[in-house]
Amino acid sequence: MIALLTGMLATAVLAGGVLALAALGEVLAERAGVTNLGVEGLMALGAVTAVMTVSSIPSPWIGLLVAGLVGAAGGMVFAFGAVVMRANQVLCGLATTFMGLGLSTALGHNYAGQPVATTFGHVTVPLLSSIPVIGPALFGQNILIVPIYVLLPALVHFVMFRTRHGLNMRAVGENPAAADAAGIPVMAMRFWYVTLGGAMAGLAGGYLTLTYVPVWSEGMVAGRGWIALALVIFAGYRPVIVTLSALLFGLVTALSFVGQAHNWPIDPAFLNMLPYLGTMAFIIVPVVVWHRMRRVMAAPAALALPYYRDVR
Amino acid sequence: MAARAFQRLPSAPAGRILVLRLAAIVLSLFIIAGVLALSGHSPVTLAELILRSTLGSRFGLEDLALFMCPLLLTGAAVTVCGTIGLWNIGAEGQFYAGAIAATGVALGMHGPAPAVLPVMTIAGILGGMAWITVPTLARAYAGVNEIITTLLLNFIASLLTYYLTTGPWRDRISGAQVSTQRLPVAIPEMWGIVHWGFPVAIVIVIGLALVLSRTRWGYEIRIGGANPEAARYAGIPVRLRIISVMLLSGGLAGLAGMFEVAGTVHRLQGGMANNFGYLGIVVAVLARGSCLNVIPAALLMALILDSGIVMQTQQLSASVVLAITGLILFMIAIGDELAHYRPVASTTPKGKAS
């Protein structure tokens, strides 16, 4: 039982990391008032460019860096349309996903199905990794687990809720006109936070191919970008909660692996549906059960609304 | 000073939109040509080849109509949802659900085609409606974002199709992979390989346009989309209208799946939705909320898909088409926004403009 639990948690942490990175990035963009539906495409681009990079430069760090930079570039393209040109955010986001998925498949054509050359190896932290159940999951896997689950969310939480800059950033998402009147550069704030969110989606893609699923294939992102978007809503746009819900979500994924490994009498196709069904339940059930949830977890007031200084 | 020289209008004139969209498409084509030239393909030869094998040949025109048929219906599905201000991103899943339900009828019901086809049609529509039921109720009663819920169900529908076509319904006759056997009935063909679903789809789209513009129901939907508060104040049951519109939308996408499985593919296959659901969003955007515009929009989208076939013969992967569609959609989104701006005399008093 303990062994099963340990194994499940390890898988959950590994699988949830992809979502934690992407969803945290999306929290930044949405708190600044921009919905980026392009996450799925940016993750695919990050995943494929990481694979391509490590096949010529055998360093997972450089692969991850390139994935992040590509994600940032894609985020800038989206932000150019949605923030600078103030075009419809849903359309720009979908277009970014189409471009990302299409380009990544075209780019990865020669790499499809081959094992990734270099990945992040196992790093075992002495002492800490021998804590029962959670030790192997947090400190016995790759080196990115602690930054993803502890350092980044803590940093984002601190900046967003404990600094003046964070207050300004949230003001841009809640009431851009007031923020503008107070001298906060609305457009620059949105542009750079969307870019940062894109970079984190790219990193999530790189993390996917450099640790969790070390092989590139078309469609391998498999809706994780959309699940990350759903997690942001579920977590009420809060960085720490979004990270925890990514972990919860990783557990659902792990459950389907455990089912397949233990030959549960359910077809794998149905076990593979679990993450999507779980996400549906995540965003529907809390609101239905507890109506106050809608107000507690409300979206930023100006989310997905372009800001026009000159139009009243 | 420069920022003051333009004024944003609440709604953009149609003529300006058309001009800017043409500019957006031309700009996209130039970018694509540039990328193709850089990757060692000759854009001019390719363009010539595409024109010759799409609009310039019988087979190309037949394929064009076959591509248009599902796009008309998924485009209409997204358009009617958009009328009340909602996004149905799940047409892909509803398409599969309709195809699955229709296939179930075709495999289970033995009889002559004139008896089976109407039942398949109804099953397809109901399948699509069933697939959008949960997002519909969640949206209408709990205000849950329909973009995410409709989209997640796409993955589930695709997995269900995979399960059925490799498990209980797998092809035991010819052993085709991820596919059912050839269905015993088919929608009759009217022109080459083009089946009767194509004219029916056009009639449906025109009918929808009339319903939305000429009936009380359509009027209430449009008001509900334009100003939900005013609609509620005027006594329009907005919640019920949301439910009916979303179910209609799911039914249209399900019908697209039925037509595809009974008219074009003749089998239920994994991946048979071919992004038609997602491309329906592009069609709806191009149509700008008008059902009649869905017809030319579907034609443009079908042309792009038809060119994709040619590109595949030229060692360009099918995914390039998706990227090209994304680029065109992106450019058009920007063009539509720019169409809202009207140049004004730069002598405007400074204080007034801000």
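Helices, of at least four residues, and strands, of at least two, are DSSP runs numbered from the N terminus. The views below are taken from a predicted model.

**Figure 1. Overall fold of chain B.** Chain B contains 14 helices and 4 strands. The C-alpha trace spans about 80 × 60 × 30 Å along its principal axes. The radius of gyration of chain B is 22 Å, which agrees with the value near 20 Å for a compact globule of 354 residues. Of the 354 residues in chain B, 51% are buried. When contacts between residues at least 6 apart in sequence are considered, 80% of those in chain B join residues at least 24 apart.

**Figure 2. Surface and charges of chain B.** The accessible surface of chain B amounts to about 15,200 Å², and carbon and sulfur atoms account for 67% of this area. Chain B carries 21 positive and 13 negative charges, whose mean positions lie 12 Å apart. Over all chains, a search of the whole structure finds 9 salt bridges; the following views show some of the pairs concerned.

**Figure 3. The salt bridge between Arg58(B) and Glu62(B) in helix α3.** The two side chains meet at 2.7 Å, N to O. Helix α3 of chain B comprises residues 58–83, and because Arg58(B) and Glu62(B) are 4 residues apart within this helix, about one helical turn separates them. Arg58(B) is partly exposed, with a relative accessible area of 44%. Glu62(B), by contrast, has a relative accessible area of 5% and is therefore buried, the limit for a buried residue being under 20%.

**Figure 4. The salt bridge between Glu146(B) and Arg139(B).** The side chains of Glu146(B) and Arg139(B) come together in a salt bridge of 2.8 Å, N to O. Glu146(B) is the buried partner, with a relative accessible area of 4%. Arg139(B) is partly exposed, and its relative accessible area is 26%.

**Figure 5. The salt bridge between Glu229(B) and Arg232(B) in helix α9, with a neighbouring topic, the network of Arg216(B).** The side chains of Glu229(B) and Arg232(B) form a salt bridge at 3.0 Å, N to O. Both residues belong to helix α9 of chain B (residues 228–233), in which they lie 3 residues apart, about one turn of the helix. Glu229(B) is exposed, with a relative accessible area of 55%, whereas Arg232(B) is partly exposed at 48%. In addition, Arg216(B), Glu220(B) and Arg241(B) are joined into one network by salt bridges that share partners.

Definitions and conventions: Residues numbered from 1 in each chain as written. Chains lettered and ligands numbered in written order. Predicted model: local features only at pLDDT ≥ 70, side-chain atom pairs only at ≥ 80, totals over all residues. Heavy atoms only, no water. Salt bridge = Lys/Arg side-chain N within 4 Å of Asp/Glu carboxyl O. Buried < 20%, exposed > 50% of the residue type's maximum accessible area, 1.4 Å probe, protein only. Rg over C-alpha atoms; globule rule 2.2 N^0.38 Å. Contact = heavy atoms within 4.5 Å. Areas by Shrake-Rupley, 256 points an atom, 1.4 Å probe, with all protein chains shown as cover. Lys, Arg positive; Asp, Glu negative; His and termini not counted. Charge placed at Lys NZ, Arg CZ, Asp CG, Glu CD.
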